[in-house]
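Visitor: I'd like to learn how to read an interface between two chains. Can you walk me through one?

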Number of protein chains: 2
Amino acid sequence: MRKVATMAGVAPTSVYWHFGSREALLGEVLTVLIEDLPEPQARSRTPRKRMVELATGLRDQVAATQPVQELALELGRAAELSFPTQVALAREVAASGLRGDDAAMVVRAILFTVGGFILLTDNFEQRVPGSETTQELWHTQGGGAVDAGLQRAMERGVDTDVLFAFTLDKLLDGLLPA
Amino acid sequence: MRKVATMAGVAPTSVYWHFGSREALLGEVLTVLIEDLPEPQARSRTPRKRMVELATGLRDQVAATQPVQELALELGRAAELSFPTQVALAREVAASGLRGDDAAMVVRAILFTVGGFILLTDNFEQRVPGSETTQELWHTQGGGAVDAGLQRAMERGVDTDVLFAFTLDKLLDGLLPA
DNA sequence: ACCTGAACACCGTTCAAGT
DNA sequence: ACCTGAACACCGTTCAAGT
């Protein structure tokens, strides 16, 4: 508040006259930031490929505008960030032949998976220096609990981009049976 | 800090002699809380059913111990909470016939999906009163953008428990083809 | 209508001084 | 070895007083 006021060349208390509270101020900032986000785009030739494009695009956009996402999260307005993609996704699900409640479940399953991935990856990156990743925990855990090859693979860690693409692909296999 | 000190019948500054910082204190609290969590259990008869049981169990456990989860999240130690389930899940994936890197991808896809769902649902519940859900945004959005039946379904909202079960089921369909 | 300074009730933290 | 009070540098916010 004091920093913002200084930048505006005004006393901290003036901000309260204009915005009422810190939260209200941040809310207006977020609204502007959200308006400036680009529209989701999908140019591929099949509905399924366009779904992947939209999902990946949302993930990339959030990664590229992390401060916006953190602010939205803090203000409990994360839903707004994903809404344009949700609408575009709904259109593709309808294009793939699904209707009504069935279509809605598919739209939501995809969006929850994408959104969940984003939050989870984000949480990993904000990891406190001293804390352990599950990767490190697999090292600690003596062998023998699971198959040796699996153990080694778990100890190696993952590329989250690859995992995201894999998970989305398999989910779509389940959601849109040939 | 001051509250904790009062409860311990000591000056706030004494806490710093024992723990060093607020973060270190909370870290030790979290370690104890995590130790007290029950082991993941899976009693069903097929690997796939046990996977569903483990995933659902983790979700339920987190919901039942939300303060622990929030603390783990704040301290960047969310990974630890899911680790026992991750090991149990790895065992089931191996039991279903997968090995090495393929198995690891499947374990991670499931765990990321479950973890993501948990974080996302949690974020929705912590929604700020004034903020809009996508459900409300669908109402705002005039009709015509998508199929009318789908629009109505999106306006109705979801039971996240049902959506979770559905998504997990479809993901497993994709991950463990018959 | 807009801005101000003084002040309040909080934070986490440091540190010299005590026993 | 453990505890203390005083103090620092922060927060968000209220409010009476100014112009």
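Guide: Start with the salt bridge: a side-chain nitrogen of Lys or Arg within 4 Å of a carboxyl oxygen of Asp or Glu. Here Arg156(B) and Asp101(A) form one through their side chains, at 2.8 Å, N to O. This is a predicted model, where local features need pLDDT of at least 70, side-chain atom pairs count only at pLDDT 80 or more, and totals for chains, interfaces and linings use all residues. Residues are numbered from 1 along each chain as its sequence is written, chains are lettered from A and ligands numbered from 1 in the order in which they are written, and side-chain values use heavy atoms, with hydrogens and water left out.

Visitor: How many salt bridges does the rule find across the interface of chain B and chain A?

Guide: Four.

Visitor: And which helix gives the most to the side of chain B that touches chain A?

Guide: Helices are DSSP runs (H or I, at least four residues), numbered from the N terminus. H6 (78–95), H7 (100–125), H8 (134–140), H9 (148–156) and H10 (160–175) of chain B each supply at least two residues to that side. H7(B) gives the most, with 20 residues.

Visitor: How many residues of each chain are in contact?

Guide: Contact means heavy atoms within 4.5 Å. By that rule, 65 residues of chain B touch 65 residues of chain A.

Visitor: What area do the two chains bury between them?

Guide: Buried area is the accessible area (1.4 Å probe) that two parts lose on being put together, summed over both. For chain B and chain A that comes to about 5400 Å², with 74% of it on carbon and sulfur atoms.
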